[in-house]
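The exercises below are to be worked with the sequence and the model open side by side. Each task is followed by a solution in steps.

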Amino acid sequence: MAVLNLVQAINQGLQQALAEDDRVLVFGEDVAANGGVFRVTENLHQEFGEKRVFDTPLAESGIVGMAVGLAAYGLRPVAEIQFVGFTYAAMDQIYTHAARIRARSRGRFTCPLVIRSPYGGGIKAPELHEASCEAFFCHMPGIKVVVPSTPQNAKGLLLAAIADPDPVIYLEPTRLYRLLKEEVPEEPYLTPLGKARIAREGERVTILAWGSMLEVVLRAAADYDVEIVDLQTLSPFDRETILASVRKTGRVLIVQEAPKTCGFGAELAATIAEEEIMSLKAPIRRVTGYDVVAPLPLLENYNLPSLERIRAALDDLLRY
Amino acid sequence: MPRATIASFQIERLEILGPQGEVDAELLPDLSDSQFLRLYELLVLTRLADERALNLQREGRLGTFPSSLGQEAAQVGSGFALKSQDWVFPSFRELGVFLCLDYPLSSYYRYWAGDERGLLCPPELNIFPINIAVGTHLLHAAGVALGARYRQEMLVAVPYLGDGGTSKGDFYEALNMAGVYQLPLVAICQNNQWAISVSRQHQTAAQTLAQKAVACGIRGIQVDGNDVLAVYQATREALERARNGGGPTLIECETCRMSDHTTADDARRYRDPAELERWQARDPLLRMQRFLESRGLWVASEQAEREAALKQSVDEAVVAAEAVEPPQVADMFTYTCAELSSRQRQQLKEAEDGRT
């Protein structure tokens, strides 16, 4: 097995999807000769040619709208939006069409498309290049939302997203792109959507996290007896695995990079309160980004959940 | 030469049928007498089915309905030129196009009565579901056109929009994509002068809507949208060009919405009745009728019988639409995604049990 970083693992997944299935098309801004601004699509244009891997005009709504048509026509478009902050221009296409075509056409037309996008903070980039807007996509039935956290699940989740019969938003934690390396199986494999992963087993607290927060949580909780659940898919989320862990530990810490109010963690907290409150020994705690406009690099570290804030929350929970 | 004209453009307008039914013989499409008659029949059928929908709405048997009154030629002329393999992307005021393609009128009525099943397109047709979000669906046509070229299928993607739709960003993004990739796409714009209460003059400072194609490097043409023969001819030419790799076209059909925007609107609040009188003189049905009469294809005494047969088919569609069993609660879930999550399965059970 080769040791790959996240970029290489996703690139390998795309390469294998293109090689296996001639319905797969990869497109977006700068994805062809340039290989994507983060090089995630490197060499794919050269290998598969202009018909399979191509650049688009600079038009995010256009990219997603065209992908909707391609998918309904029977192909498997994998569109890249250069940074997730630019998907706002395509929200109409995602909400109004990608999510609804199956229902609107009573199943005659479906929308098996994947929208890949670099997501999240911690890379010292300009405004709108570090958005954590996963919750927007989770509020729209008909769309799946996937966030890998390691090179291994990045590849498996990508291939599962491409194989899925419905639209999938695949959010790539930009900070992890070249930070993590691990052995990744060479052959294609699927990491099932809708399933969480126990990143670390433990007894006293359940920590729920996804994407780049996994790496932070693993470091923060290194000296604590905690169970760390990597959600992997946010919508639909793996209620059973989460609730089983809560039953086991009785304490819950949710760590998310996005602002607190109406963040995805709120849905998790509500679900646990609704379905497993009798197992709780302590209030549910959330460590999140603040309810502020995401700051530029000089203030960024004050906003992102830190090791200190996570440890303080764990200490607080363990006092109960 | 510090200042020079480096590009200039012209916009063509096509008219074939005069107000009294006279035609420019050189421009007349090479259709048979029975095809001319069929065109007229489809115009009449569209008007009758539309009228019937308005009556059903007043009786509470349909929901809010957007009438096609006055726009029959733009719809029938373009719809008649389509081939069954073409993909159509309607907006919400294309009754005549649906009828040209033999889409079941009963399904069309059911949709406007609030039943999603009315949009289930028969397998032999490729009509995308009615699109309410103005102008956004041209991109889907671009995607299908791109896919068709990839698969080397000889189809054309044909989105319909209105004058309001040309103000949307997605309209431009789609035509721009169509230009860049030289896609087999023909966009039919029914410029009916009104986007609810906002007039064509307030929609854009551009002299024509057809010229919006110019900025995308694609062909644009304006046609007399109340001239069914001109609309047919322009559409047929554009489809042939697209099918043969000649790239996309935007066709502006200049017509007028003679009705309110929908049954929920009252155009008397914002529109001068004199405008309707002017357009009334250009009524698309009357012009085609005069043309047929001049060729000995239309006889006044036969009109009532023809209309009765068409009305009969409309009546049958109404009966068929209202005979359908109501949808199941489960349908809400069935068509949201291919496989339900555990939470959705639980919600479905709650909905079916009538619990909260």
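An axis here is a line fitted to C-alpha atoms, for helices over the stretch in contact, and angles run from 0 to 180 degrees between N-to-C directions. Helices (H or I, at least four residues) and strands (E, at least two) are DSSP runs, numbered from the N terminus. This is a predicted model, in which local features need pLDDT of at least 70 and side-chain atom pairs count only at pLDDT 80 or more, while totals for chains, interfaces and linings use all residues. Residues are numbered from 1 along each chain as its sequence is written, and chains are lettered from A and ligands numbered from 1 in the order in which they are written.

**Exercise 1. Describe how helices α8 and α12 of chain A pack.**

Step 1. Take the two quantities that describe a packed pair: the angle between the axes and the distance between the axes.

Step 2. Helix α8(A) spans residues 212-220 and helix α12(A) residues 307-318; their axes are 9 Å apart and meet at an angle of about 60°. Angles under 35 degrees count as roughly parallel, over 145 as roughly antiparallel, 65 to 115 as roughly perpendicular and the rest as oblique. The pair α8(A) and α12(A) is therefore oblique.

Step 3. The crossing of these two helices is right-handed (left-handed if the near helix is turned anticlockwise from the far one by less than a right angle, right-handed if clockwise).

Step 4. List the contact residues, where contact means C-beta atoms, placed from the backbone, within 7 Å. From α8(A) come V216(A), V217(A), R219(A) and A220(A), and from α12(A) come L307(A), I310(A) and R311(A).

Step 5. Sort them by class: Ala, Val, Leu, Ile, Met, Phe, Trp, Tyr, Cys and Pro count as nonpolar, Asp, Glu, Lys and Arg as charged, and the others, Gly among them, as polar. The result is five nonpolar, no polar and two charged residues.

**Exercise 2. Repeat the analysis for helices α1 and α2 of chain B.**

Step 1. Helix α1(B), residues 33-58, packs against helix α2(B), residues 72-79, at about 135°, and the axes are 10 Å apart. That angle makes α1(B) oblique to α2(B).

Step 2. The crossing is right-handed.

Step 3. On α1(B) the contact uses L39(B), L42(B), L43(B), T46(B) and R47(B); on α2(B) it uses E72(B), A73(B), Q75(B) and V76(B). By class these are five nonpolar, two polar and two charged residues.

**Exercise 3. In what order do the seven strands of the open sheet in chain A lie, and what packs on them?**

Step 1. Count two strands as paired if DSSP finds at least two bridges between them. The order is β3-β2-β4-β5-β7-β6-β12 (chain A), with mixed pairing.

Step 2. At the edges are β3 (53-55) and β12 (233-235) of chain A, each paired on one side only. Neighbouring strands are turned by 20° against each other on average, direction ignored.

Step 3. Within this sheet, β2 (24-28) and β4 (76-80) of chain A run parallel over five bridges, and V26(A) has V78(A) as its bridge partner in β4(A).

Step 4. Helix α3 (60-73) of chain A packs on the sheet, touching β2, β4 and β5 (114-119), with its direction at about 170° to that of β4(A). Helix α7 (151-163) of chain A lies across β2, β4, β5, β6 and β7, at about 160° to β7(A).

**Exercise 4. Do the same for the open sheet of five strands in chain A.**

Step 1. The order is β9-β11-β10-β13-β14 (chain A), and the pairing is mixed. Strands β9 (197-200) and β14 (285-289) of chain A have a single partner strand each, so one side of each lacks a neighbour in the sheet.

Step 2. The twist averages 25° from one strand to the next.

Step 3. Parallel strands β10 (205-209) and β11 (226-230) of chain A are joined by five bridges; L208(A) has V229(A) as its partner in β11(A).

Step 4. Helix α9 (239-249) of chain A touches β10, β11 and β13 (252-259), and its direction makes about 175° with that of β11(A).

**Exercise 5. Which elements of chain B supply two or more residues to the side that touches chain A?**

Step 1. The contact takes 33 residues from chain B and 34 residues from chain A.

Step 2. The elements are α5 (138-151), α6 (169-180) and α13 (342-353) of chain B. The largest share, 10 residues, comes from α5(B).

Step 3. By class, this side of chain B has 19 nonpolar, nine polar and five charged residues.

Methods. Two residues are in contact if their C-beta atoms, placed from the backbone, lie within 7 Å.
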